Each structure stands twice: as C-alpha cells, then as structure tokens.
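Please work through the exercises below with the structure open beside you. Each task is followed by a solution that goes step by step.

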Amino acid sequence: MDQSSPALDDCLKLLKGERDEQRLAGLLLVTKFCKGDDLSSLLTIYHAVGVQFLDRLLRTGMGKGSISENREAYLQLSVTVLAAFCRVPEIAASSEMISKIPLVLEVLSKESGPAVIEECYEFLYLVSTAAEDGMMTFYSSGGMKMLASHMPILPDGSDQMKITMKLVQLLLQKFYPDRINNEYLPELSIIVAAIARQFSVLHDAMKFDALHILTAILSPNLSAPLYDSLRVLPEKNWPYYMRDGIAAILQNRVAPTEKFQALILAKSMVTIFGAKWLVGQINSADGKEPIPTDRCLVLVLEQSRVEVAVLLNELAYLKDEASKKSSPTAETILLKKRNVAIAFSLLEKIVTFISDASENEGDLINENTYSLVINGLNETIGVVLEYLQDAKEHEQRKGDDLLASVRVIGSYLAEAPLACSEKVKELLGYMLSIEGEDEPRPFFARCFLLPMLCQMTMRLKDVVDFLVNLIGLHSFRVDDKGCIFLACDTILNLLLKKDQVQAPLDYSTLVNLLKALAQWTDGVGDPSIIMMASSICTLLFDLTSEKALLKHPNFDDSCLNNLSQLIARSMASWGQDMSDAAEEETDLLEIITEGYSRWVTRFPRVRDAVEK
C-alpha cells in the first residue's frame with residue numbers, strides 16, 4: 001500500500017478515530033489492503049492505531065473485556081494484525097510486543113482454530129527472533145510446554161508445524177542442552193517424537209529441517225538423560241519414523257554433510273535402543289515396493305565405511321601438512337577426529353550385532369546380507385590398518401584417532417581373528433604402543449586389543465605385560481574388573497598349554513607377574529580374586545623355586561610372604577565345606593592343590609604358611 005494512497009489515508013483516519021468501532025473498521029481495512037511485506041506502511045499504521053487499542057482488542061478476543069459477542073472474530077483479527085505488525089523488526093523487538101507473549105501463549109492453551117494457531121506462532125517466532133528478551137520471555141513463560149502440547153497434533157508439513165520447528169531451533173540455540181535438559185526434559189522428548197514423524201513422512205525441504213533439528217538435539221555429549229527419557233516415551237512409533245528418515249537420507253543423493261548427520265542420528269538411536277534397531281520395516285516414499293528389513297543396517301554400514309575411508313585419508317593428509325608447518329587449523333583436525341570416532345562407533349556396534357545374530361541363529365538378517373557386511377568390514381579394517389601403517393612410518397604414536405583405530409580393529413578381530421592376520425601381526429607391537437591424547441603411557445590400546453589377543457595369539461608375554469601394567473598403573477581404581485579377569489583367564493589358559501605358547505616368559509617377566517599378583521591380592525577378601533591369582537601363581541611356581549626367586553634383584557621377602565599367604569588362603573578351603581562362591585572355583589582349586597604337590601619341596605616358606 002503506497003504511503004500516499006487514498007486507501008492508506010482512509011485507514012489512518014479510521015485508526016485515529018475517537019471510538020474503538022472506528023479503529024476496528026480501520027484494522028479490517030488494513031487486513032484487506034496492506035501487504036505483509038510493506039514494512040513502512042505497517043509501521044505507520046501501528047503508530048496510528050496505538051498500543052492500548054491493540055491490547056484491548058486482544059483481551060476482548062480472549063474473553064477478558066466487556067464485550068462477549070463475536071469474541072472469536074475479535075481474537076482472529078487481533079492475532080492477525082499483531083503477527084503482521086511484528087514483521088517490522090522494530091515493532092517485534094518492542095517491550096509492548098514482548099509483554100504480550102504470555103497472553104498469546106494463553107490463547108494457544110485454549111482450543112482455537114488452525115488460523116489462530118498459525119498467527120499466534122508466527123507472532124511468537126517474530127518476537128523471539130527480533131530481541132533476546134523476546135526469546136527469554138517465550139522460554140520462561142512456558143514456551144516449551146506449549147510446543148510439546150501442540151506439535152504432536154499439528155498437520156504434517158503444515159505452516160503451523162513449520163513455524164513451531166523454527167521456534168524449536170531458536171530455543172535449542174539459546175538453552176540447549178543445559179537448561180532444557182534440566183527443566184523440560186519430558187517436553188523435549190515429546191518434541192523429538194513429533195519432529196521424527198516429519199522426518200519420516202515429508203519429502204521436501206522440511207525433511208532436512210527435521211534432520212538438522214534432530215541432529216542438534218541428539219548429538220551433544222550431554223544427551224544421556226534425554227536418551228533415558230526417549231527410551232520410555234509413550235509414543236512408540238517414533239523409533240520407526242527415525243529409521244524411515246535415516247534410510248531415506250542415506251539412499252538418496254543428498255549433500256555429504258547431511259548424510260553424515262544421518263549417521264549421527266543412527267548412532268544416537270543405536271545408543272538408545274541397541275543395534276537391533278537397525279533392522280526392521282521401512283516405509284518407502286511411494287509406499288509400493290517392499291523394502292528389505294535389513295536395508296537400514298546395510299545403508300548405515302556402507303555410509304560409515306565411506307566416512308572412515310574419506311576421513312582417515314583427510315587426517316593423514318592434514319597431519320602430513322602440519323608436519324611441514326603449512327598449518328591446517330587444529331579445529332579442522334579435531335573435527336575430523338570426532339567424526340571418524342562416530343563412524344567407528346557405528347562399525348563396532350554392527351560388529352557386535354552381527355556376532356550376536358550369528359550365535360543366536362535368528363532370521364534378523366539373511367545370508368547374503370551377512371556376507372555383504374563381513375566383506376565390507378574386512379575391507380574397512382584393511383583401510384584402518386593402512387592408516388596405522390602410515391602413522392607408524394611417520395613415527396606417530398599419540399592421538400585419539402590412533403587410539404580409536406586400535407579400538408575398532410580390536411573389536412572386529414576379537415570376533416574374526418583370522419581377518420587381516422598378517423598385517424595385524426606386523427603392526428601388533430606398534431598398536432600396543434599407541435597412547436591417547438591424555439595418556440602418560442600406553443594403556444587403553446592394550447585394553448582394546450586384549451580380547452583380540454585372547455582370540456588370535458599365543459604370545460603369553462604380551463598378555464602378561466598388559467596385566468602387569470593394568471594392576472601396577474591403575475591398581476584397584478580400574479572400574480572394569482572384567483578386563484583384569486579376562487587377562488588372567490587368558491594367562492591361565494596359556495600357562496596350562498605352555499608347550500604351545502609362542503614367546504614363553506623370560507624370567508624377569510615371570511617375576512613382574514608374581515609381584516603384580518601379590519599387589520592385586522594384598523588385603524583383598526574377594527574369593528574369586530584369591531582363587532584366580534593363586535591358580536596363576538601356582539603354575540608360575542612350576543617354573544622356578546623359592547631360592548631362585550630370592551636371588552632376583554626385583555623380588556624380596558615381602559613379596560614372597562604375600563604370595564605364601566595367598567596360596568595358604570586359597571588352600572584353606574580344600575577339604576572344608578565350601579561357600580557358594582568357592583564351589584564355583586572348584587577347577588581352580590584343583591589346579592592349586594595339584595601344583596602345590598609338585599613344587600612344595602622347593603618352596604618351604606609357602607609350605608610353612610599352608611601348614612599353619
């Protein structure tokens with residue numbers, strides 16, 4: 001509407017009238033003749049009508065004024081003109097508009113038509129984007145609760161849904177994860193489920209909006225409370241919507257960044273529901289052709305493999321450039337490392353899932369898919385080994401990317417020990433020497449490789465060195481006692497098959513292991529620890545004598561006394577009524593008693609401790 005047009009002049013005369021009826025007629029004319037993008041005219045009209053009249057009109061429409069007739073019409077007019085005026089940033093950022101946010105939220109809390117809902121949400125969005133106070137007021141006045149109550153019932157792909165999704169994005173940028181996780185976790189879970197449906201059923205730009213919002217919500221490291229809430233959400237279909245959306249992104253031509261975001265979502269879903277979530281019905285866009293239930297599994301695997309190959313190649317290049325002081329940004333390298341860790345995590349979950357599925361002999365995946373997955377994993381492990389080979393040649397031993405590479409190799413080869421066996425043997429010593437960014441010496445790499453070593457190697461010394469470091473460096477602060485027991489069990493089995501062992505123990509390693517066992521069991525009352533350590537000690541005593549041990553510079557009387565007490569404590573249950581815990585260690589007790597009879601004459605101090 002031109003500022004000098006007769007229509008505008010007529011509107012302004014009515015809007016400046018003394019009676020509300022005149023102003024009301026003026027506003028009705030405004031809605032007919034004024035275009036929404038004519039910001040100059042909107043500002044002129046806003047100043048003409050006045051804030052007080054707009055406030056009275058809104059309250060009348062809400063049933064808070066003296067007029068009760070045509071309330072719905074007043075409400076529709078009020079929210080329409082408010083949303084129109086707020087297209088002018090100056091008006092939207094004003095304190096008068098910000099003060100109306102609680103009233104508009106109150107309108108939304110009551111049953112209203114779709115047109116009113118749309119105008120209300122447009123008003124809220126425009127005010128929230130125009131001023132930080134607007135966003136703060138929307139959030140503190142219960143905006144999250146309102147979004148959670150409306151979004152599940154808004155029509156798919158509607159303008160109302162589009163605006164509410166924009167509001168969610170605004171709130172995430174300002175208040176997520178800390179405040180929203182602490183204050184509105186149930187509401188956020190409901191919003192996730194509502195957006196997941198849009199991610200599934202839409203096939204336009206809103207699908208990608210949903211992808212970006214879901215990635216922002218589910219990818220932060222502080223999502224554990226949200227994951228717990230989503231796991232028990234009453235809306236049971238949202239995991240299937242997520243699978244539909246992720247599969248659609250991965251199997252179509254979209255930007256690489258958006259395919260990677262789909263992987264981030266897949267990782268989150270696997271974290272929440274387990275890798276079994278990857279297998280299940282997928283609804284196609286046309287709804288005609290049936291899609292194999294393992295399609296999502298294959299798509300996630302293939303995209304993860306692509307990401308690993310690309311990211312490791314880029315990391316190798318960036319590291320090489322950094323060594324030449326051409327200075328790629330540290331942020332770029334860090335981002336690549338984080339991204340490859342996400343792809344590695346998915347590969348590890350798939351490895352575990354495939355292993356469990358094969359053992360259970362279920363029909364979750366068919367033989368062709370199983371072969372496809374195994375071949376793909378073999379190729380990718382080969383790529384990771386090549387990356388480590390390059391790192392070795394460049395004398396790189398420290399880095400979380402290297403540690404993550406060792407972890408994924410260890411996970412896969414624990415299940416498939418014959419895969420890439422020659423290359424693994426060639427790099428084993430190097431992999432055992434790798435350190436994470438914050439590690440003072442190699443530790444986690446050895447933890448990650450232990451299951452693989454237990455499956456594929458007879459190198460007793462490698463496992464002994466690992467256990468000695470595990471006990472000596474971390475002692476009882478190690479949370480995962482199972483890791484120690486796995487190493488102990490492996491050592492026990494290798495000692496029982498010592499004729500088949502490659503690289504048997506040298507004497508210094510034997511002494512170090514005995515000292516570690518003494519340290520591990522000192523003051524410990526757990527029968528399982530006592531019996532396991534005593535069994536290993538018994539088999540080691542087969543290889544030496546008390547006299548020889550005491551001559552070694554790193555072995556002393558104190559250590560021998562501790563080991564003597566260890567054997568005595570384990571032997572104390574022999575011939576007595578054993579507890580339930582001890583009954584489970586019958587095989588170990590047999591190893592101890594038979595071993596004791598073989599070497600007792602060479603260990604008089606142990607004999608004295610047992611006889612006492």
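The exercises concern a predicted model, and they go from the overall make-up to local details.

**Exercise 1. Describe the overall make-up of the protein in terms of secondary structure, burial and contacts.**

Step 1. The secondary structure of the protein consists of 33 helices and zero strands.

Step 2. Of its 612 residues, 51% count as buried.

Step 3. When contacts between residues at least 6 apart in sequence are considered, 73% of them join residues at least 24 apart.

**Exercise 2. Identify the largest nonpolar core, the helix that gives the most to it, and a second, separate core.**

Step 1. The largest nonpolar core has 162 residues, and those with the most contacts inside it are Leu27, Phe85, Phe123, Leu124, Ile180, Trp238 and Met242.

Step 2. Helix α20, which covers residues 330-360, gives the most to this core, with eleven residues.

Step 3. Leu27 can serve as an example: with residues up to four places away in sequence left out, Leu27 touches Leu15, Val49, Phe53, Leu54, Leu57, Leu77, Val81 and Phe85.

Step 4. A second core, separate from the one above, has 57 residues, including Leu510, Leu517, Leu540 and Ile567.

Step 5. As background, nonpolar side chains in soluble globular proteins tend to be buried together.

**Exercise 3. Classify the ring pair of Phe541 and Phe603 and that of Tyr596 and Trp599, and place the four residues in the chain.**

Step 1. A search of the whole structure gives ten aromatic pairs.

Step 2. In the pair of Phe541 and Phe603, the ring centres are 4.1 Å apart and the planes are at 15°; planes under 30 degrees apart count as stacked, so this pair is stacked.

Step 3. This pair links distant parts of the chain, for Phe541 is in helix α28 (residues 527-541) while Phe603 is in the loop between α32 (586-599) and α33 (604-611), 62 residues apart.

Step 4. The rings of Tyr596 and Trp599 have 5.5 Å from centre to centre and 80° between their planes, and this aromatic pair is edge-to-face.

Step 5. Both Tyr596 and Trp599 lie in helix α32, where they are three residues apart, about one turn of the helix.

Step 6. Ring pairs link Phe541, Tyr596, Trp599 and Phe603 into a cluster.

**Exercise 4. Decide whether each of Phe541, Phe603, Tyr596 and Trp599 is buried or exposed.**

Step 1. The cut-off needed is that buried means under 20% relative accessible area.

Step 2. Phe541 is at 0% relative accessibility and therefore counts as buried; Phe603, with a relative accessible area of 0%, is buried.

Step 3. Trp599 has a relative accessible area of 0% and is therefore buried, and Tyr596, with 12%, is buried.

**Exercise 5. Find the largest cavity, and state which helices supply its lining.**

Step 1. The count comes to one cavity of 30 Å³ or more, and about 40 Å³ of space lies in the largest cavity.

Step 2. The residues that line the largest cavity are Phe344, Leu347, Val351, Leu377, Thr380, Ile381, Val384, Val408 and Tyr412.

Step 3. Helices α20, α21 and α22 each supply at least two residues of this lining, and the largest share, four residues, comes from α21.

**Exercise 6. Characterise Glu395 and Gln396 in the loop between α21 and α22.**

Step 1. Glu395 is in the loop between α21 (367-393) and α22 (400-415), and its phi is near 60°, a positive value in a residue other than glycine.

Step 2. With a relative accessible area of 71%, Glu395 is exposed.

Step 3. Gln396 lies in the loop between α21 and α22; leaving aside neighbours within four places in sequence, Gln396 is in contact with Lys319, Ala391, Leu402 and Tyr430.

Step 4. From C-alpha to C-alpha, Gln396 and Ile434 are 8.4 Å apart in space, and they are 38 residues apart in sequence.

**Exercise 7. Locate the cis peptide bond between Tyr176 and Pro177, and describe how Lys207 sits relative to Phe199.**

Step 1. The cis peptide bond joins Tyr176 and Pro177, with omega about 10°, and Pro177 lies in the loop between α12 (159-175) and α13 (178-183).

Step 2. The charged end of Lys207 sits over the ring of Phe199, at 5.6 Å from the ring centre.

Conventions
Residues are numbered from 1 along each chain as its sequence is written. This is a predicted model: local features need pLDDT of at least 70, side-chain atom pairs count only at pLDDT 80 or more; totals for chains, interfaces and linings use all residues. Side-chain values use heavy atoms; hydrogens and water are left out. Rings of Phe, Tyr and Trp (its six-membered ring) pair if their centres lie within 6.5 Å; planes under 30 degrees apart count as stacked, over 60 as edge-to-face and the rest as tilted. Buried means under 20% relative accessible area, exposed over 50%, partly exposed in between (1.4 Å probe, protein chains only). A charge sits over a ring if NZ of Lys or CZ of Arg is within 6 Å of the ring centre and within 35 degrees of the ring normal. Contact means heavy atoms within 4.5 Å. A nonpolar core is a set of buried Ala, Val, Leu, Ile, Met, Phe, Trp, Tyr and Cys residues joined through side-chain atoms within 4.5 Å. On a 1 Å grid over the protein atoms alone, a cavity is a set of points where a 1.4 Å probe fits but cannot get out, and a pocket is an open set with protein on both sides within 12 Å along at least five of seven lines; lining residues have an atom within 4 Å of a point. Grid points are joined across faces, edges and corners, and a volume is the space filled by probe spheres set on the points.
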